[in-house]
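Colleague: I would like a close look at a single part of this model, one strand in chain A and what surrounds it. Please take me through it slowly and then work outwards.

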Amino acid sequence: MKKFLTMFLLALVAFGSSAETITIAGSTSVAPLVEEIATEYEAKNKNTKIVVNATGSSAGVKAVLDGTAQIGMVSRELTSEEKAKDIKAISIANDGIAVVVHPSNQVKDLTIEQVAHIFTGKITNWREVGGKDSKIIVVLRDAASGTRGAFEELVHKGKRAVETALVSPTTGTVRTTIATTPSAIGYISLGALDKSVKAVTINSVEANEKTILAGTYKIARPLALITKGEIKGSLQQFIEFCLGDIGQEIASMDFIPVNKGQ
Amino acid sequence: MESTLKLKEKGKNIYLHQQYFLREKSFTGLLFLTTLLSASIIILIAGFVFSEGYPVIKNGLVKMITGTKWYPLEGVYGVWPMIFGSLMVSLGALLIGIPLGLGTAIFLSELAPPKIADLVRPALQVLAGIPSVVFGFFGMTVVVPLIRNTLGGSGYSALSGSLVLAIMILPTIINIAEDSIRSVPKELKEGSLALGATHWQTISKVVLPAASSGLLTAIILALGRAVGETMAVMMVTGNTPLLPTAETNYSLLKPLLIWLQPVRTLTSNIAIEMGYASGEHASALFACGIILFVLIMVINASATLLIKKKVSR
């Protein structure tokens with residue numbers, strides 16, 4: 001029903017009503033968040049219609065550059081090449097992933113390379129990273145999970161995760177598995193962290209909102225909107241809406257809002 | 001005068017008869033309707049699963065069944081590790097559950113003092129009513145650590161799955177086996193005892209053979225339940241989509257070591273990945289459903305065949 005309504009409204013737009021359309025394209029991780037914010041925005045600004053396409057970060061950048069989308073969505077840092085092209089990125093939220101072990105594990109800190117080697121199967125014993133002599137039990141999420149996708153992109157850069165790892169269907173079961181298995185290691189999004197498991201520091205940096213905002217915690221990524229050149233009018237208004245109270249409240253449900261503590 | 005009264009009586013009888021006849025008919029019709037509805041639901045589900053899974057099946061069913069790699073995001077759908085996992089976990093459950101279940105059934109039907117039987121039977125009924133997620137949680141917090149601490153590894157293994165499933169299929173085995181042992185005619189037993197056979201000889205040589213088709217049904221139904229169970233298995237087997245292997249110099253130890261490896265069953269494969277799957281990946285999961293469907297049909301058909309053979313002999 002809602003879809004039909006949107007289509008109907010889009011048709012109205014196409015036939016020259018006074019409404020304005022903003023096209024947003026890019027990262028599949030950012031798209032659900034932007035879509036939710038857009039729904040709220042549309043409810044408040046009846047004259048603006050927002051179309052969100054989840055196509056991937058790089059496709060988003062390209063779309064903004066060639067003008068097929070007014071706003072792009074990216075879930076990674078811009079490359080230096082992209083930065084040179086008159087593109088401005090505005091972070092609207094942050095996504096952090098904690099690497100967790102059993103509370104009794106002696107290992108407190110891992111470098112990001114060590115984490116990558118553990119999850120790709122190069123390091124298989126806790127002894128190799130300063131722990132007890134016991135086999136590391138790796139716990140992954142299921143193949144299509146967004147957390148796993150982000151983790152593989154950020155930590156082992158597209159290399160395949162170790163095949164003998166256990167697989168858990170939800171963040172909750174990952175946590176329970178880690179909490180009950182002394183030599184296990186896994187990852188969960190920062191929002192799901194609690195006392196039953198221990199988050200290790202990565203390159204001596206603790207995972208929390210501050211370090212993620214400061215950019216020192218490495219297994220995190222900004223969820224950003226990008227625009228080309230000067231922006232004004234409804235585009236400016238929408239981005240301000242994302243950074244405003246309502247937008248950030250929506251962001252805080254699944255991610256770390258950017259205006260925290262300011 | 002009299003004759004008119006008789007006629008009236010007769011008319012009333014005919015009327016009543018017609019009424020009964022109508023009622024009979026309408027009930028037959030109603031029951032037929034319910035049967036039709038149940039049957040069409042099965043056909044509907046089967047049709048849906050087959051049509052959803054078809055796009056992947058038509059790209060090579062054999063390749064899918066024999067493939068050993070499951071990389072759904074790269075379009076590689078090898079299901080053999082999951083078929084192997086399902087069979088391994090279920091057969092393991094039977095290996096543990098059958099001796100326990102049949103033993104209990106024989107004890108309850110032949111040997112148990114009525115007081116004890118009256119205590120055990122309701123307990124078993126409660127066991128049958130426990131939701132599978134509770135069994136899974138029990139497995140995760142009790143069975144998995146137990147295996148990790150005694151036999152090593154992570155504890156998340158085919159063996160954990162078999163143990164949890166063995167408990168879950170116990171009520172099925174015990175109930176059906178006990179019923180079939182009870183339904184063995186008394187005369188057979190009395191004849192055997194009268195000929196001087198001991199109680200145990202009577203049970204093992206007369207009662208159990210006579211009840212064998214029922215015992216077989218119990219085992220097959222338990223196997224069906226084991227293959228189809230999802231939640232409890234998913235929580236304890238580790239769900240690694242990989243053929244389990246073990247390296248050891250003692251070939252006798254190998255099966256046990258393989259049993260200690262994590263596996264993924266067909267049902268868990270569907271349950272774990274369905275939430276995020278789309279397009280061809282989702283289709284591949286439906287194809288897993290088809291394989292599961294066929295597997296269970298084969299189990300049921302072979303059971304029917306076995307029982308028929310037994311009866312005709």
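Modeller: What follows starts at one strand, moves to the chain around that strand, and ends with the partner chain.

Please keep in mind throughout that this is a predicted model. The strand is β6 of chain A, residues 137-141. Five of its five residues are buried, so β6(A) is largely enclosed by the rest of the structure. A residue counts as buried here if 20 or more other C-beta atoms lie within 10 Å of its own. In a regular strand the side chains alternate between the two faces of the sheet. For β6(A), one side carries A:I137, A:V139 and A:R141, and the other carries A:V138 and A:L140. Both faces are covered, since these residues are all buried.

Next come the neighbours in the sheet. β6(A) pairs with β8(A) in the parallel sense, over two bridges. A:I137 has A:A184 as its bridge partner in β8(A). β6(A) also pairs with β7(A), again in the parallel sense, over three bridges. There, A:V139 has A:L166 of β7(A) as its bridge partner.

A:V139 matters for a further count. The largest nonpolar core has 117 residues, and A:V139 and B:I173 are the ones with the most contacts inside it. In soluble globular proteins, nonpolar side chains tend to be buried together. Helix α6 of chain B, residues 158-182, gives the most to this core, namely 14 residues. Leaving aside residues up to four places away in sequence, B:I173 touches B:G97, B:I98, B:G101, B:L102, B:A218, B:I219 and B:A222. There is also a second, separate core of 17 residues, and B:L266, B:A282, B:A287 and B:I291 are among its members.

Back in chain A, follow β8 to its end. β8 covers residues 184-189, and A:L190 is in the loop between β8 and β9 (198-199) of chain A. A:L190 has 20 C-beta neighbours inside 10 Å and therefore counts as buried. Apart from residues up to four places away in sequence, A:L190 touches A:G96, A:I97, A:A98, A:A207 and A:I256. A:L190 and A:N208 are 18 residues apart along the chain, yet their C-alpha atoms are separated by 7.5 Å.

A little further along is A:N203, in the loop between β10 (201-202) and α8 (209-214) of chain A. A:N203 has a positive phi of about 50°, although it is not a glycine. This residue counts as partly exposed because it has 15 C-beta neighbours inside 10 Å. Chain B offers a comparison in B:N239, which has a positive phi near 60° and is likewise not a glycine. B:N239 is in the loop between α10 (231-236) and α11 (254-259) of chain B. With 30 other C-beta atoms within 10 Å, B:N239 is buried.

Now the whole of chain A. Chain A has ten helices and twelve strands. Its C-alpha atoms fill a box of roughly 70 × 40 × 35 Å, taken along the principal axes. Of its 262 residues, 39% are buried. Among contacts in chain A between residues at least 6 apart in sequence, 71% join residues at least 24 apart. The chain is divided into domain 1 (2-94 + 222-257) and domain 2 (96-214). The C-alpha centres of these two domains of chain A lie 32 Å apart.

The last step is the contact between the chains. Chain A gives 14 residues to this contact and chain B gives 20 residues. On the side of chain A, β7 (166-168) and α7 (171-180) are the elements that give two or more residues. The residues on that side divide into seven nonpolar, five polar and two charged.

Chain B is divided into domain 1 (1-58) and domain 2 (67-312). The C-alpha centres of those domains of chain B lie 38 Å apart. Eight residues of domain 1 of chain B are in contact with nine residues of domain 2 of chain B. The domain 1 side of that contact has six nonpolar, one polar and one charged residues.

Helix α4 of chain B, residues 114-129, can be set against the strand we began with. Of the 16 residues of α4(B), the count of buried residues is zero, whereas five of the five residues of β6(A) are buried. At 1.5 Å a residue, α4(B) should span 22 Å, and its end C-alpha atoms are 23 Å apart, which agrees.

Key. Residues numbered from 1 in each chain as written. Chains lettered and ligands numbered in written order. Predicted model: local features only at pLDDT ≥ 70, side-chain atom pairs only at ≥ 80, totals over all residues. Contact = placed C-beta atoms within 7 Å. Helix = DSSP H or I, 4+ residues; strand = E, 2+ residues; numbered from the N terminus. Nonpolar A, V, L, I, M, F, W, Y, C, P; charged D, E, K, R; others polar. Expected span 1.5 Å × (residues − 1). Buried ≥ 20, exposed ≤ 12 C-beta atoms within 10 Å, placed from the backbone. Domains from an automatic or database assignment. Core = buried A, V, L, I, M, F, W, Y, C linked by C-beta atoms within 7 Å. Pairing = 2+ DSSP bridges.
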